[in-house]
Amino acid sequence: MAKIRVLIAKPGLDGHDRGALVIAQGLRDHGMEVIYTGLRQSPAQIAKAAIQEDVDVIGLSSLSGAHRTLFPKVIEELKVLNADDIPVIGGGVIPSEDIPFLLEKGVKQIFTSGSTIEELANYINQLVGPSHQSITNKISHIGIAVNSIEKALPFYTKTLGLELEGMEEVASEGVKVAFLRIGESRFELLEATADSSPIHKFIEKRGEGIHHIALDVENIQARINSLTKNGIQFIHTEPKAGSHHTKIAFMHPKSAHGVLFELCEATGGEEV
Ligand code: ZN
């Protein structure tokens, strides 16, 4: 995945950038891409650089005592350029009584000289990290539509030698499901129990076969929200209860090159 991009800038007139350079290197050591603007940049120059460099976050450093005017100024310049969705954090020599004022002006967080690079890197990761991480690193299961679980099962258990973990009926979907463990994933055989079932319609149209691929995710609602923001359509945007103690949501195949992907979050009960 793309690295998090950080702009480190020193607005104002103070002429020391050792601290800023240490921070820049420290964030690079934490896997981030860091652009340093150099000394004595105006708020307008900083805002412009942030847009040109397409950064995810701006870190302002000030030792000169001008943070009360210059930090809010940077945020104003971002607004002017329609880029105030880029979060701004600040650091340097900043008296604690100034912090509430700066937060009120829209600075997301202030790191004073006592803070460590780890704290800063963790904060940035939390702030902008989710859009830089893969959605998933595991296939939860592959859903396979069958006419009859009873008839299909011997192929999986005898021919392939997989273990049948259990069966479950999901009345809301009009399906019966058989779970077969394969490594850390599963095959789920899906048999329609009603004519209104999506599986019934699928088989009528295309015959037996692979119906969907389920991706194991954490925090399914946040994933749906961020994918929707990126133009992905969901069949339903509220997660619903799936089989095996899960919350699920299906992406529209039109948004996923013809594949029906399910997001699947385990919600406790037995480990999935
Ligand atoms: Zn599924």
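The exercises below, each with a worked solution, concern a predicted model.

Residues are numbered from 1 along each chain as its sequence is written. Local features need pLDDT of at least 70 and side-chain atom pairs count only at pLDDT 80 or more, while totals for chains, interfaces and linings use all residues, and side-chain values use heavy atoms, with hydrogens and water left out.

**Exercise 1. Determine which atoms coordinate the zinc ion, and where histidine 141 and glutamate 262 lie.**

Step 1: Donors are N, O and S atoms within 2.8 Å of the metal (3.2 Å for Na, K and Ca), and since water is not among the atoms, sites may look incomplete. The zinc ion has as its donors NE2 of His141, NE2 of His212 and OE of Glu262, at 2.1 to 2.2 Å.

Step 2: Along the chain, these donors of the zinc ion follow the spacing H-x70-H-x49-E. Histidine 141 belongs to strand β6 (residues 139–145) and glutamate 262 to strand β13 (residues 261–266), so the pair ties together parts that are 121 residues apart in sequence. Strands (E, at least two residues) and helices (H or I, at least four) are DSSP runs, numbered from the N terminus.

Step 3: Buried means under 20% relative accessible area, exposed over 50%, and partly exposed in between (1.4 Å probe, protein chains only). Histidine 141 counts as buried because its relative accessibility is 4%, and glutamate 262 counts as buried because its value is 3%.

**Exercise 2. Describe the surroundings of threonine 246: is this residue buried or exposed?**

Step 1: Threonine 246 is placed in strand β12 (residues 246–250), and with a relative accessibility of 7% this residue counts as buried.

Step 2: A polar atom of the threonine 246 side chain lies 2.7 Å from the backbone oxygen of serine 243.

**Exercise 3. Compare the location and exposure of arginine 40 with those of aspartate 54, and state the phi of each.**

Step 1: Most residues other than glycine have a negative phi. Arginine 40, however, has a positive phi, near 55 degrees, and aspartate 54 likewise has a positive phi, near 50 degrees.

Step 2: Arginine 40 is found in the loop between β2 (33–36) and α2 (43–52), whereas aspartate 54 is found in the loop between α2 and β3 (57–62).

Step 3: Arginine 40 is partly exposed because its relative accessible area is 49%, whereas aspartate 54 counts as exposed because its relative accessibility is 57%.

**Exercise 4. State how the protein chain is divided into domains, and what distance separates their centres.**

Step 1: The domain assignment, whose bounds come from an automatic or database source, gives domain 1 (5–132) and domain 2 (139–266).

Step 2: Taken over C-alpha atoms, the centres of domain 1 and domain 2 are separated by 45 Å.

Key. A polar contact is a pair of N or O atoms within 3.5 Å; within protein, one must be able to donate a hydrogen and the other to accept it, and residues adjacent in sequence count only if both atoms are side-chain atoms.
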